[in-house]
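Me: Hey, could you walk me through this model? I'd like to start with what gets tucked away inside.

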Amino acid sequence: MQIGKRLAPLLSAGDVILLDGDLGAGKTTFTKGLGEGLGIKRSIKSPTFTIIREYSGGRLPLYHMDVYRLEDGSGDELGLDEYFNGDGVSVVEWSQFVEDTLPQNYLKISFQRLDNESDSKRRLTFTGTSERYNRIINQILGD
């Protein structure tokens, strides 16, 4: 949650954050922190069964997507590009299932549980596809 809160002030409309990792790795918990950091008051829940949840009332709208259920299909009919090019921040869990619809530039965060540690320890790996996202990564990791 803390890293999500730290990332929120650095984001702008149209930013796309991909969250990948096993079930229970912390993707939705991260998104809760991001929502708090954006000033969203509503409780953020996993959109597993609804696929997309929209949150407003913060500095930017938050579009939280869980595309795990699209494992056998694609996101073509969902109009994901409208979210990606919209006025808010898009967070996509299980992004590998909509790889063909992703924008060219995004920030990817991979979550890995550390088996030999306590259940609350995670390793996060950040990957940026543009200079802007790489600057954001440096700000997050440099603080």
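Reply: Sure, one term up front: buried means under 20% relative accessible area and exposed means over 50%, with partly exposed in between (1.4 Å probe, protein chains only). This is a predicted model, so local features need pLDDT of at least 70 and side-chain atom pairs count only at pLDDT 80 or more, while totals for chains, interfaces and linings use all residues. Residues are numbered from 1 along each chain as its sequence is written, and side-chain values use heavy atoms, with hydrogens and water left out.

Me: Ok. S90, buried or exposed?

Reply: S90 counts as buried because its relative accessibility is 0%.

Me: Where is S90 found, and what is it in contact with?

Reply: S90 is found in strand 4, residues 89-93. Strands here are DSSP runs of E with at least two residues, helices are runs of H or I with at least four, and both are numbered from the N terminus. Leaving aside neighbours within four places in sequence, S90 is in contact (heavy atoms within 4.5 Å) with D15, V16, I17, Y63, M65, Y83 and F84.

Me: And V89, what is that in contact with?

Reply: With neighbours within four places in sequence left aside, the contacts of V89 include L11, L34, L60 and L62.

Me: Switching to the core. How many residues in the largest nonpolar one?

Reply: The largest nonpolar core has 24 residues, and V89 is among those with the most contacts inside it, as are L7 and I109. A nonpolar core is a set of buried Ala, Val, Leu, Ile, Met, Phe, Trp, Tyr and Cys residues joined through side-chain atoms within 4.5 Å.

Me: Which element gives the largest share of this core?

Reply: Helix 4, with 4 residues.

Me: So which residues of helix 4 are buried?

Reply: Y133, I136, I137 and I140. They cover an arc of only 100 degrees around the axis (taken from the directions from the helix axis to the C-beta atoms), which puts them on the same side of helix 4. On the other side, E131, N138 and G142 are exposed.

Me: What do the buried ones pack against?

Reply: The buried residues of helix 4 pack against helix 1 (2-7), strand 1 (16-20), strand 5 (107-113) and strand 6 (122-128).

Me: Last one: how many helices and strands in the protein chain, and what's the pattern?

Reply: The protein chain has 4 helices and 6 strands, and along the sequence they run α-β-α-β-β-α-β-β-β-α. Of its 143 residues, 45% count as buried.
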